[in-house]
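Here's a quick briefing on the enclosed empty spaces inside this protein and the residues around them. Have the model open while you read.

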Amino acid sequence: MQRRKVTIDGNEAAAYVAHKVSEVIAIYPITPSSPMGEWSDQWSAEGRPNIWGTVPTVIEMQSEAGAAAALHGAIQAGALAATFTSAQGLLLKIPTMYKVAGELTPTVFHIAARTVATHALSIFCDHSDIMAVRQTGFAILASNSVQEVMDQALIATAASLESRIPFVHFFDGFRTTHEVNKIEQLTEDDLRAMIDDDLVRRHRQRAMTPDRPVLRGTSQNPDHFFQAREAANPYYLACPTIVQNVMDKFAALTGRHYHLFDYVGAPDAERVIVLMGSSAETAHETVEYLVERGEKVGVIKVRLFRPFSVEHFIKVLPPTVKAIAVLDRTKEPGAIGEPLYLDVITALHEGYDGRPLPRVIGGRYGLSSKEFTPAMVKAVFDELAKPNPKNHFTVGIYDDVTHTSLEWDPEFSTEDPRTIRCLFYGLGADGTVGANKNSIKIIGEETDNYAQGYFVYDSKKAGAVTVSHLRFGPKPIRSTYLISKANFIACHQFVFLERFDVLKAAVPGAVFLLNSPYPADQVWDHIPRNIQEQIIRKKLKFYVIDGYEVAKKTGMGQRINTIMQTCFFAISGVLPREEAIQKIKDAIRDTYGRRGEAVVQKNFAAVDAALDHLHEVHYPERITGPEPPPTVSPKAPEFVQKIVAPIIRGEGDLIPVSAMPPDGTFPTGTAAWEKRNIALEVPVWDEKLCIQCGKCVIVCPHATIRSKVYEKSALVNPPPTFKAVPARWKEFKDMLYTLQVAVEDCTGCALCVAACPVKDKSNVKRRAVNMAPQIPLREQERANWEYFLKLPNVDRDLLKPSVIKDTQLFQPLFEFSGACTGCGETPYVKLVTQLFGDRAIIGNATGCSSIYGGNLPTTPYTVDEEGRGPTWNNSLFEDCAEFSLGFRLAIDQHNRHARDLLAVLAPQIGEELVRELLEADQFTEAGIRAQRQRVKLLKEKLAAIDSPEARRLMLVADYLVKKSVWAFGGDGWAYDIGYGGLDHVLSTGRNINILVLDTEVYSNTGGQMSKATPRGAVAKFAAGGKPTGKKDLAMMALQYGNVYVGRVAMGYNDAHTVKTFLEAEAHDGPSIIIAYSHCIAHGYDMVYGLDQQKAAVESGHFPLFRYDPSLLAQGKNPFQLDSKAPSIPLEKYAYNETRFTMLARSDPEGARRLLEAAQRDAQLRFKLYEHMASMAMNGSQKAELAKEEKHA
Amino acid sequence: MPDLTTTYVGLKLRSPLVASSSPLCQNIGNILHMEDAGIAAVVLHSLFEEQILIESQALDRHLSAAEESYAESLSYFPDLRRYNIGPDEYVEHIRRTKQAVDIPVIGSLNGVSTGGWIRYARLIEEAGADALELNIYHLPTDPSVDGATVERQYVELVRHIKASVRIPVAVKLGPYFSSIPNMAAKLDEAGADALVLFNRFYQPDFDLESLEVVPNLVLSNSSELLTRLHWVGILYGRIRADMAITGGVHTAQDVLKCMMAGAKVAMMTSALLRQGIDYAARLEEDLIRWMEEHEYESIRQMQGSMSAQRVADPAAFQRANYMRVLSSYELRPRPGVQ
């Protein structure tokens, strides 16, 4: 039976098998495993059955722990179940894993191996998560390539059923999960052949059922637990043989023969490397290359890591081996060595049978997807050849601290010369990656070539750079490392030439394709000199095309992907031109056809127009171009120059260990040094129209439009185009006002324009801010911005925090984050830093806010002129509320300690000062400033007192100044995975503020549904529209009675938002603010974000209220309804958003039913709030009415 | 009982009451109701090529907006396999309506590109529609495009479509032409089987508080009927194409006037939206009563009786109260003059 060749990635391969052999799939999304759950959900939604003819149930739980528990229940009840996860998600499953293994129940956990967060979080790959579960009793099987993922997903399932041992089947996150490769797809017959129905029957017979009831999960005592635990031994002893038998059976079926340990290399090898995961493929390629050149080397690929079969391991080791290097893709600080290394040493010790043991060294590589290249493999082999090779080495970094690193030769390459290697630099969302995935498909499926695609993304959510690595050639491609020697380099954004070395990887004679706004006969002089130099030196063939021009002409907007793709095929000649164009068109129809014929046609037009605009550049042998601008200003601090700048330039790999902080601590305020220049258009201030209301400032997601009021005398030698007008404040008469835009940091979202309430009476299209092209303004506004920053801020004491225009004079201490253009969350974050930033300590849940809040290389939180500003830490996802509570516990403790010490030292310090310190009113900015002055004075006095108490008080004196404790997070955290902790924190009554940035979906991981998702919205795991309504977190918090609760939407009422934030902070107890945040996952142009916020409130979808417990003390109703009764139908809000309309399009009947139900939800909710707002507080309702009548 | 039957584009109808293109027609239940209430034919809501284009492009734009940029969220939406962006839903609606009712079903099409018009016209024909109404809703706003060019485009369009389908083609027009009779004659020559007079252009309003241009939907009233009567009356007998009046038909009197002006059918939208579909039955009763009282035998008898060709003084149509002469006798024909 002919098997299909498909070009897919590792995630799809795993999901393909898992879906077909499972009945229940319980998941929780986490990068990079999320797509496996999403594929499963999609296939079930499409009604795709498993091999037994039923459609698997796919359920998203509230956390990975919940998913594991649901899976546990399902398999105990006799179902065949699987799950997918990574990193912390796997760790959350640990208690359940012990149970599942202890009960000997078959299941497979498919793991996209990812770094466990330590000093930092990383979404990338290493084996620290796998190693963290090696003791649970699960079997662990490693797959090294996309083909192996497909094959061993099945092998793991079959082996688990037979051995009764649950399996972890893992493969490297991103390197394998997201690598597109051409593989042979297993058929359903293959799956049926491997899954023994008799074993399925036995699994079902072991199920918990009232028809044959059993009891499990007993509680056992010292007299018998140990024996019961040991009773499982035979299963573990039998497992390795069972796995090998299954592998043998698979080999008979497909011809691909796997073994528990696979050896590749010289049969008489003297030096052997042992490792597992995708790096084994690189080692395989390197070993083949070296063996061809006569070296006696080999590599053992570990597949079955647990149970570790000493016998099978020793059998594959060549008897000639003298030295072994074991490579671990993890770090276990405090252990003698890493796990695989320890296993190998123990295995040799136990199994080598009296022969002299080979020398064994262990090393670490590849943490967090650090590249592991053939050159590094060679370095390890070279090390093994030394008389005293280094043990506990690292390879791939420069360790100048503990000197563990090996050196390697970056020029060493084992790339097959027949393989074509292409690099494509694109801008996120220009379609480059999608087009390349199609190209891989075309090449892989339409030619005899093998093809591989790997994609590197950015850490920013706006203006992100993507790099596509494509290889294709006549031999299977094992190169699980990035391309460093490319035959073809395409740069799809001219501005990249200034930012990093796009041609570094170009080999002599390579082809360079540039998307250029300049025609072929003019482009040369615009190319930065370092690029020109390489073009000339490497004798590159240079082509240009004005992709944006073609895109504009054919209605493609910013999407140049199919245009550039056509050029690639034409130049590379991998397919005959006409055939390539036809295939591209077929792929277009396939990919975009379901979005409508118009989309298909305009893409066709773009393809047809492309080649006419492609021109070769006959460049002179002269360097005429400009110097590229420095990555960061030369005025930037040392940390920025040493660490931030190289990372921005793409040279982060060169940073040595000594440059990095050992504990994950980084300075704030570094984002200001990275000038991204990604906005095509920026706002321009029309100072004559402006009413200085501050609305543009408050809505700006990136703090790139700011206002200042200052004395006339401060305006000394301003740059020629700097604008200043009289300030329109009663209190600031005779002062000046400036609204200044940071054009190099602006992302061009135009929310400031949308928020501006002023229209030019002679031309209503014009507002007090209007968008204009950035490039002509860059120079002048750079100077204006620098000048603006130096102007003094008006005294905070003079400002009224309840007035919007006043608050927007507060300096934002959160700026230039990597958030999406037009983000709905960041304005709230920025507001917190304006109001309380100089005294704020923030715990941030994992999610968008932790990524834009702390994704290196730049940190957006910053300090004021006195060096104070928010301190911030992202701990984990689920623990944010508790983590922030910990801040409050410590701060209160320090404060109490300080107060106690003050009492003790009062005679020496002065009774007056001590009394003032203890009784300080810190409810206003003035009050806080006064206390800071007192503390300063206190410290001066303490410096003169020589006693342990004085020294102790010196350390905690600052805690006499009020601190503002915050927990930030999204709805994924607050409604789902972190709800248990959040609820507990609310119950403690402690003074902590919780800001829930409610985007109504898991934004950061790509739009999975949360309990905050509204009824009828489409999200991943709710493809048919979420059938249930949005959880009312506010009401759940409110029931405690002593929690301040606020629901806000800046686009509906910004003054209300500010008031709520102030009240929340003022409340001496837990406060929770749920802030409606528009998001790219809602599916509309985010310049309308504020309009949608308004519509959300006006339609009754998100009514606003404040519950203020302090009103109770005054005998008033604490519940204040802050928005009017619904005045527009829900449809008028919902159908502006693709997350609703896509359902209306694909299932009109279903959409209508859900919309009607959602409309009822909204009406009912408002009624409830109205009812609560009208509650009588003293006596009964009747008495209240009687009282009113009496007064009437 | 007076005979209410009429023919329109070759279709035999039980009465001149036709429901014209409106959102009511999106629902088959409504159309069944219309048939029960005596409506003789229905013109379905329009299939807008432009709407399809806009929706398709918006969907594509928003689904792709942040695709493949950031590693943790390579996409933000699940891949729903079908979006029904295209004429399929409309075509299916025609099919199902034809299965549900016996009265003629006329498809309505508003295109933008010639290719789009022809493609969708064919689809509507294949779906089983009895006739096709071309809803040329086009507001010229470019000062450099002259009237002749605009007219030529309409004529070419009608010619193309007539060449592409076999079902009758009616053309719904707006009133803003330099010479309506000339335009009518050209369309007649291009093969139009009927002219539907007139399309109502929705004009936006200004919101003075927000300084924004806002949509403004005002339903028609009887006063709008007059201009339609006027032009149908002038055209009657001078073109081969049938005529239908749409806009301002609210009462039995209105229907009768339409017939006397020379229209074959009177189309209603606002009346049904305002008064409900059952109103059509009352209207029919009123028609019959009036005809009985005034001793008319049939609708066909009165069609065109008050047209320009048939009234004693054509000037009443042609100069339409433009002048006021002191003596009202001066403009009236002398009795007895032929």
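Start with who sits around the largest cavity: sorted by class, its lining has 15 nonpolar, 13 polar and 6 charged residues. Keep in mind that this is a predicted model. There are 16 cavities of 30 Å³ or more in the structure, and the two covered here are the largest and the second largest.

**The largest cavity**

- This one holds about 400 Å³ of space.
- Its lining counts 34 residues, and if you want to find the centre, look for T846(A), G847(A), F877(A), N1004(A) and T1005(A), which are the closest to it.
- Three elements of chain A give two or more residues to this lining: α4 (87-92), α29 (848-854) and α34 (971-977).
- The top contributor is α34(A), which puts in 4 residues.

**The second largest cavity**

- Here the volume is about 160 Å³.
- You'll find 20 residues in the lining, with P1014(A), R1015(A), L1130(A), F1140(A) and A1158(A) nearest the centre.
- On chain A, α40 (1130-1134), α41 (1138-1146) and α42 (1148-1173) each chip in at least two lining residues.
- Of the elements around this cavity, α42(A) gives the most, with 7 residues.
- By class, the lining splits into 12 nonpolar, 4 polar and 4 charged residues.

**Where to click**

- For the largest cavity, try α34(A), the element that gives the most to its lining.
- For the second largest, go to α42(A), which gives the most there.

Conventions. Residues are numbered from 1 along each chain as its sequence is written. Chains are lettered from A and ligands numbered from 1 in the order in which they are written. This is a predicted model: local features need pLDDT of at least 70, side-chain atom pairs count only at pLDDT 80 or more; totals for chains, interfaces and linings use all residues. Side-chain values use heavy atoms; hydrogens and water are left out. On a 1 Å grid over the protein atoms alone, a cavity is a set of points where a 1.4 Å probe fits but cannot get out, and a pocket is an open set with protein on both sides within 12 Å along at least five of seven lines; lining residues have an atom within 4 Å of a point. Grid points are joined across faces, edges and corners, and a volume is the space filled by probe spheres set on the points. Ala, Val, Leu, Ile, Met, Phe, Trp, Tyr, Cys and Pro count as nonpolar, Asp, Glu, Lys and Arg as charged, and the others, Gly among them, as polar.
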